[in-house]
Amino acid sequence: MVKNAPEIGDYKYGFHDEDVSIFRSDRGLTEDIVREISKMKEEPQWMLDFRLKSLEHFYKMPTPMWGGDLSELDFDEITYYVKPSEATERSWDEVPEEIKNTFDKLGIPEAEQKYLSGVSAQYESEVVYHNMEEDLEEKGVIFKDTDSALRENEELFRENWATVVPPTDNKFAALNSAVWSGGSFIYCPPGVKLDTPLQAYFRINSENMGQFERTLIICDEGSSVHYVEGCTAPVYTTNSLHSAVVEIVVKKDAYCRYTTIQNWANNVYNLVTKRTFVDANGTMEWVDGNLGSKITMKYPSIFLKGEGARGMTLSIALAGNGQLQDAGAKMIHLAPNTSSTIVSKSIAKNGGKVSYRGQVHFGRKATNARSNIECDTLIMDKESTSDTIPYNEILNDNISLEHEAKVSKVSEEQLFYLMSRGIGEEEATEMIVMGFIEPFTKELPMEYAVEMNRLISFEMEGSIG
Amino acid sequence: MASVLEIKELHVEIDGKEILKGVNLTIKQGEIHAVMGPNGTGKSTLAQAIMGHPRYEVTQGEVYLDGEDVLEMEVDERAQAGLFLGMQYPSEISGVTNSDFLRSSINAQREEGDEINLMQFIKQLDKSMEELEMDTDMSTRYLNEGFSGGEKKRNEILQLMMLEPAFGILDEIDSGLDIDALKVVAKGINHLRGDDFGALIITHYQRLLNYITPDNVHVMMQGRIVKSGDKELAERLEAEGYDWIKEELGIEDETIGAE
């Protein structure tokens with residue numbers, strides 16, 4: 001039933017300007033391509049072996065038959081590796097008007113728009129990043145792109161690599177393991193608590209890759225990290241598949257929050273595997289926003305392995321015309337006194353489909369464990385639909401589980417009430433929708449919350465029938 | 001010049017059933033009118049139809065505000081033109097704080113670029129809430145969510161005080177209130193009383209009118225105003241009930257559809 005499925009991050013990566021070699025892999029995935037990727041990155045033998053083994057799994061494993069319909073996804077039509085310098089060849093004229101208009105509405109400066117569309121690299125944030133980097137280095141924190149981490153911190157890297165999401169987990173995890181490139185690597189030493197969020201936004205001019213990125217975060221004992229990635233601007237790409245893997249290790253007493261907002265162009269299959277292992281008294285929180293894409297299948301999961309470990313997944317999904325957001329969460333309670341919370345908010349409009357798919361598992365040792373699940377769906381019109389598919393597995397009787405699911409509409413009464421105070425229909429609808437996702441937006445860093453609200457407001461335009 | 005709200009020969013249907021069968025009523029600013037009557041006689045329908053609730057269909061008649069055709073206006077335009085409906089069952093809206101809602105409402109009625117100053121807003125809000133004896137946390141709570149019946153009613157009056165409309169239509173604003181809350185609500189309405197404010201108070205109890213003295217009292221039965229008078233009419237209704245009116249007019253069952 002509920003299996004972990006895949007997708008990807010919309011990073012704002014930069015480019016190595018000293019590296020001018022150009023390579024674009026042929027379409028279709030072969031062993032040669034995997035070897036070529038590994039060779040170009042000058043990877044150690046063990047990583048090449050890992051990639052090749054993963055490729056075998058990818059070939060062998062079936063495409064999931066549940067969730068979204070992936071039958072139109074043609075693995076032979078996908079380019080598996082694009083050398084960064086190549087990516088800049090796209091011209092501004094090729095970027096669809098629709099995307100440009102959205103940028104304008106969001107008030108994104110043109111230089112940034114070009115960067116986001118893959119037309120140009122963005123270097124302005126470099127200084128900010130370097131200042132931050134120095135401060136982090138002093139504390140012993142490692143924050144770099146995953147490729148660099150493999151080169152520069154191999155021992156630590158190898159010790160944790162694929163320990164949380166093995167290539168055998170699912171077809172898309174296997175694919176990512178075979179052809180991964182880019183992503184973030186974070187290590188936070190014992191007891192180090194970072195007050196400001198680490199943002200992928202600043203980690204630029206490393207290596208551009210957004211398609212099969214791989215993120216690995218290790219929060220050592222008693223440390224605290226908040227990582228933020230993505231942005232609300234739509235990510236324009238000609239590639240139709242994004243399949244990322246995010247692995248997080250939260251050790252004893254450590255805290256990690258991973259905040260992401262993704263807004264994909266609506267031709268994209270967004271299939272991501274995200275998973276965390278949490279040791280005793282550790283805390284993991286996924287704050288996950290999904291907009292855009294053709295099909296998103298994403299179920300951030302948390303394995304509560306140590307006594308007293310806590311997990312939270314707070315997510316929103318918005319599906320418009322022709323889109324499916326199949327999203328949810330997995331909480332696997334494996335130790336006593338563990339607790340978890342899932343809050344899922346979905347909005348379907350203009351014929352969009354949203355599904356909550358979740359799994360909560362209480363193992364035999366998970367005595368006195370608690371889980372609280374709340375799924376709310378807001379349906380904007382008669383054409384849109386929603387599903388709630390919860391799966392609970394309980395192997396001991398000393399647990400507590402609460403599940404609340406609500407499906408609501410923007411009601412005539414609510415609209416009438418707001419409008420009777422002089423508020424226009426469009427603004428009134430927007431207020432109701434914003435109110436609905438407020439439990440999510442209030443958890444975002446300020447600038448993201450502002451962007452998020454602007455984006456939702458933009459998405460809601462013209463959705464009043 | 002004082003504004004005038006004119007209701008002429010108003011017929012209203014809900015789900016194909018005629019509820020109002022020709023209501024005539026003229027309210028000038030500075031006046032407080034009470035519409036009384038037993039349950040099921042069309043009082044609330046009158047309030048909802050004036051404000052433009054989508055379920056209430058006007059099949060005949062006119063409503064004018066200073067000569068402007070109210071029935072041609074959208075709900076928000078009616079509010080902007082100066083009408084306010086204090087609702088019997090206010091909606092709950094999660095995630096939207098009371099104060100954000102109030103500020104949006106005030107700004108919706110002002111020109112763009114002329115939004116209310118935040119400090120001024122807060123000052124005015126604090127003052128009004130104090131007058132209505134509302135807990136200060138009510139402004140940061142989500143709009144009506146988890147409010148008790150009495151809190152919701154006070155919140156309606158708070159909005160009335162903050163928005164200062166030309167006309168307030170108050171639909172059973174007294175229902176479900178204990179005597180202390182009733183006094184507070186009446187205080188809020190009396191606060192607005194003056195040359196710039198007119199009100200249509202809908203109630204089926206006379207007790208609210210002990211605290212708000214109406215200039216005119218109308219009795220509704222069978223979807224029409226069947227009798228009008230001054231405050232003494234309300235007092236007589238309090239003392240004797242509605243039976244004498246029914247007798248006088250030869251009405252056996254005052255509810256709609258019973259005639």
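These exercises work through a predicted model.

**Exercise 1.** State how many helices and strands chain B has, and decide why chain B counts as compact or not.

Solution. Start with the elements. Chain B has eight helices and ten strands. Next, take the radius of gyration, which is 18 Å for chain B. The globule rule gives 18 Å for 259 residues. The two values are close, so chain B is as compact as a globular protein of that length. Now add the extent. The C-alpha trace spans about 60 × 40 × 35 Å along its principal axes. Then look inside. Of the 259 residues in chain B, 41% are buried. Last, count contacts with a separation of 6 or more. In chain B, 73% of them join residues 24 or more positions apart.

**Exercise 2.** Describe the side of chain B that touches chain A.

Solution. Begin with the counts: 21 residues of chain B contact 18 residues of chain A. Then find the helices. H2 (75-81), H3 (98-108) and H5 (149-163) of chain B each supply at least two residues of this side. H2(B) gives the most, with four residues. Finish with the classes: eleven nonpolar, nine polar and one charged.

**Exercise 3.** Describe how helices H11 and H12 of chain A pack.

Solution. Two packed helices are described by the angle and the distance between their axes. H11(A) covers residues 425-441 and H12(A) covers residues 446-460. Their axes come within 10 Å and cross at roughly 145°. The crossing is right-handed. Now list the partners. H11(A) contributes residues including A:Val433 and A:Ile437, and H12(A) residues including A:Met452 and A:Ile456. By class, the contact has seven nonpolar, four polar and one charged residues.

Technical notes. Residues numbered from 1 in each chain as written. Chains lettered and ligands numbered in written order. Predicted model: local features only at pLDDT ≥ 70, side-chain atom pairs only at ≥ 80, totals over all residues. Rg over C-alpha atoms; globule rule 2.2 N^0.38 Å. Buried ≥ 20, exposed ≤ 12 C-beta atoms within 10 Å, placed from the backbone. Contact = placed C-beta atoms within 7 Å. Nonpolar A, V, L, I, M, F, W, Y, C, P; charged D, E, K, R; others polar. Axes fitted to C-alpha atoms, helices over the stretch in contact; angles between N-to-C directions. Left-handed = near helix turned anticlockwise from the far one by under 90°.
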